[in-house]
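Please find below some notes on the model, set out as numbered points for a colleague's reading. They concern the core, the sheet and a few backbone details.

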Amino acid sequence: MTEKEKMLSGKLYNASDPQLSLERHKARLLFQKINSISEDEKNVRNELFHELFGKVGNSLWVEPPFYCDYGYNINLGNNVFFNFNCCILDVMEVSIGNNVLIGPNVQIYTATHPINAKERATMLEFAKPIKIGNDVWIGGGAIICPGVTIGDGVVIGAGAVVTKNVSDNVFVAGNPAKEIKRIDN
């Protein structure tokens, strides 16, 4: 298997692999260009996001700056909004549904490292996919950890650290995030 194949299958892989390094560099050049485009050229910015992301639905709105690892592992539904300074480590798929609002400084991490110190010292890493449902609002400064699935109709409180799956129609907050209440959607 290539390092990219290992990465996409959730196995330990070498992130310094030349192919992966080149792909990350390509994404960086693209989002640096996106982040420098003026408000007057919003259409150009959106075209570049369509080039960066794997899939983009209708009505994408991203406030710069925006950061990611590869871009091609990010798949978006319709009516998705990212506020300022969002970062997605998309080593594996990040799937975001329809009508999703993502606050400023939100971080979404698929990448992770081994818990065992000897294994971690090899500098190999792995990833777990993230799925965000429909009609979700993620408050500013929240962190979504590897492998998490967020259900439909969910609100994530500002500053929450989401380490476990979140069921539909709930408000979660805290570190680690816990269910605060059910939402009547």
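Leaving aside its neighbours within four places in sequence, which residues is Leu52 in contact with?

1. Leu52 is in contact with Ala27, Leu30, Phe31, Ile34, Phe66, Cys68, Tyr70, Gly71 and Tyr72, once its neighbours within four places in sequence are set aside; contact here means heavy atoms within 4.5 Å. This is a predicted model, in which local features need pLDDT of at least 70 and side-chain atom pairs count only at pLDDT 80 or more, while totals for chains, interfaces and linings use all residues. Residues are numbered from 1 along each chain as its sequence is written, and side-chain values use heavy atoms, with hydrogens and water left out.

2. The largest nonpolar core has 43 residues, and those with the most contacts inside it are Leu52, Phe66, Phe82 and Ile156. Its largest share, four residues, comes from helix H2 (residues 18-36). A second, separate core of nine residues includes Met7, Tyr13, Leu20 and Tyr70. A nonpolar core is a set of buried Ala, Val, Leu, Ile, Met, Phe, Trp, Tyr and Cys residues joined through side-chain atoms within 4.5 Å, where buried means under 20% relative accessible area, exposed over 50%, and partly exposed in between (1.4 Å probe, protein chains only).

3. Five strands form an open sheet in the order E2-E5-E8-E13-E16, with parallel pairing, and its edge strands, E2 and strand E16 (161-162), each pair on one side only. Helices (H or I, at least four residues) and strands (E, at least two) are DSSP runs numbered from the N terminus, and two strands pair if DSSP finds at least two bridges between them. E2 and strand E5 (residues 86-89) pair in the parallel sense over three bridges; Phe66 has Cys86 in E5 as its bridge partner.

4. Most residues other than glycine have a negative phi, and most peptide bonds are trans. The bond from Pro64 to Pro65 is nevertheless cis, with omega near 0°, and Pro65 lies in the loop between strand E1 (60-62) and strand E2 (66-68). A cis peptide bond also joins Asn175 and Pro176, with omega about 0°; Pro176 is placed in the loop between strand E17 (170-173) and strand E18 (178-182).

5. Asn99, although not a glycine, has a positive phi of about 60°; this residue lies in the loop between strand E6 (94-96) and strand E7 (100-102) and is partly exposed, with a relative accessible area of 35%. Asn105 likewise has a positive phi of about 60°, sits in the loop between E7 and strand E8 (107-109), and is partly exposed at 37% relative accessible area.
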